[in-house]
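This report describes selected features of a structure built from more than one chain. Please keep the sequence and the three-dimensional view at hand while reading.

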Amino acid sequence: MTRVVRVAAGQGFWGDWLEAPVRQVKGGPIDYLMMDYLAEVTMSILQKQRSRDPGAGYARDFVPAMERILPEIVAKGIRVTSNAGGVNPRGCADAVLDAARRLGLGGRIRVGLVSGDDILDRLDDLLARGHELRDLDTGRPLSDIRDRIRSANAYLGMAPVVEALRGGANIVITGRVTDTGLTLGPLVHELGWRADDWDRIAAGTVAGHIIECGAQSSGGNLLKDWRRVRGLERVGFPIVEAAEDGSFIVTKHPGTGGVVNLASVTEQLVYEMGDPRSYITPDGIADFTTIRLAPAGKDRVSVSGIRGAPRTGMLKVSIAYFYGYKAVGTLVYAWPDAHAKAKEADRVLRARLTDLGLEFEQILTEFVGADATHGRLAGPPDADAPEVQLRVGVRARERAPVERFTRELAPLVLTGPPSVTGFAGGRPQVEEIVAYWPALVDRREIEPTVRVEILAA
Amino acid sequence: MSREKPGGRRAKAGSGRAADRPVPVQLRWLAHARSGDKGNTANVGLIALEPELYPLLARAVTAARVARHFRGMVSRVERFELPNLRALNFLLHDALDGGGTISLKTDAQGKVYSTALLRLEIPVPPAVARRFRPRASRR
């Protein structure tokens, strides 16, 4: 039988189901547990936490999750790859090593610590040497926001993950390593793929993309025949069984809920997709138009035929910067004429904001139950709707107008249209907006400073 | 409900008897979909429910048609084809009020633009309409 490497998804984002990693480890054979925590905005949230507490800045969920499974992964020889380190991978590694010691497993855990993605302290140097770090979407130069930057991280690929595994790490903790690199790394390490074998690199990247959002490829958020998806209360997270030639099976543990089929895998493949012929990662480029899917038994889909192209000379950089303030408030209006009442309340509110001379970059009104998600495509409002939620958001560069807005909602209860309720939550909170600035940087600036350390308890 | 008129102007008239004339069917009966975001752009992957429906989708659900569907909600639409997955991928630019943390929208990350696209009606041959559109549904 051909040798396969099993990589199981344990988390698809920070906030995902806490039981999933435990079930992946206990529910059947796996070789690797892949724990993805970082979305585009997560790094800035973590940076904010670290600025208040130097020991923070990583996905804290990861440590108790590891504590629950450490005995099992040691006993079974399962290895873990995770970008839970956020902007403080060393703090995260230390916390995991502490947990291992508490469990008496100190001698059995070797943490591979990957750093060097954090380039916040190097930005001025990079700018001074002509790297413009323009916004990939708008083309604006970084100098526009230089004084407001909160975090800056280059997306690293699978290479440091492979290096950590080669060094004997059984838990690899990284900062901003790509979601796909956490799956590709184990495959390259175990199957002996060359880093310039572009088809295999592309195949491992697609495997990573399929499982990086957890159960979203195994029945969660599945639109096709959603009523027929059974057992989501104990949904099985996806597992990739990869072979040396780059083909792989997507599956889940027996006895778990959800479903792995052509529909579930295809929906995940098109998720957050740009140009399908050119899915660019630090490790190479995958051509999604070459993917061949085929059913391979109950809850098994085979994936093959994937072609790739060489990696580019650039790495993506994720920069978070202070943008301004926002607040969102809601009130609920009841039948009859719920929508009309909510609409009148919105008019009154806006007139009061204008009378106060408040200036906003944006005021956005949605009527939940009528048009909040589909806008005018939802058609004319239903005059008989049992209730409609008025949802108003404001955004400004200054805090003061947003603060004042949060005090203008409650008065509507006694000074606006009738049949209003749902204000028990109190005033809306003013939120600081930390926005995302994607850019590119020459990989030669980053790769020499990436560090891999092996830490033992 | 889409505001496009049933039997709309896109239907190829003059193709013979009335019984052969294309019938408008909402995409929800012909495809499934998932959407996500990249900055201020939403993407919608539209996947044919059956392999034989893919050519129909590829012909009728053009970038221009989708741009008209979402007029006033997005600035520009790009389309990519994935015949291997029987899917089309649409990029809806400037769809998310700034996107990410800036957006004030309920759907700041474009998660349900997918089903908004499924409201679109396209003309299909009567036999296809009979097979895929539930009898109870008029649209």
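In this predicted model, Lys76 of chain A is partly exposed, because 14 other C-beta atoms lie within 10 Å; a residue would need 20 or more to count as buried, and 12 or fewer to count as exposed. Lys76(A) belongs to helix H3 of chain A, which covers residues 62–76. A separation along the chain need not be a separation in space: Lys76(A) and Pro29(A) are 47 residues apart in sequence, and their C-alpha atoms are 8.7 Å apart.

**A sheet in chain A**

Chain A also contains an open sheet of 3 strands, arranged in the order S9-S10-S13 with antiparallel pairing. In general, the strands of a sheet pair through backbone hydrogen bonds, and the pairing may be parallel or antiparallel. Which strands stand at the edges of this sheet? They are S9 (279–281) and S13 (307–309) of chain A; each has a single partner strand, so one side of each is left without a neighbour in the sheet. Direction ignored, neighbouring strands are turned by 30 degrees against each other on average.

Between S9(A) and S10(A), the latter spanning residues 284–287, there are 3 bridges, and the two strands run antiparallel. Within this pair, Tyr279(A) has Ala286(A) of S10(A) as its bridge partner. Helix H8 of chain A, residues 198–211, packs on the sheet and touches S9, S10 and S13 of chain A. The direction of H8(A) makes about 70 degrees with that of S10(A).

**Chain B and its contact with chain A**

Chain B has 4 helices and 6 strands, which follow one another from the N terminus as β-β-β-α-α-β-β-α-β-α. The chain comprises 139 residues, of which 47% count as buried. Of the contacts in chain B between residues at least 6 apart in sequence, 61% join residues at least 24 apart.

How many residues does each chain bring to the contact between chains A and B? Chain B supplies 34 residues and chain A supplies 44 residues. The elements of chain B that give two or more residues to its side of this contact are listed below.

| Element of chain B | Residues |
|---|---|
| Strand S2 | 31–38 |
| Strand S3 | 41–48 |
| Strand S4 | 76–82 |
| Strand S5 | 87–93 |
| Helix H3 | 113–117 |

The element that gives the most is S2(B), with 6 residues. By type, the residues on the side of chain B that touches chain A comprise 13 nonpolar, 14 polar and 7 charged.

How values were computed
Residues numbered from 1 in each chain as written. Chains lettered and ligands numbered in written order. Predicted model: local features only at pLDDT ≥ 70, side-chain atom pairs only at ≥ 80, totals over all residues. Contact = placed C-beta atoms within 7 Å. Nonpolar A, V, L, I, M, F, W, Y, C, P; charged D, E, K, R; others polar. Pairing = 2+ DSSP bridges. Axes fitted to C-alpha atoms, helices over the stretch in contact; angles between N-to-C directions.
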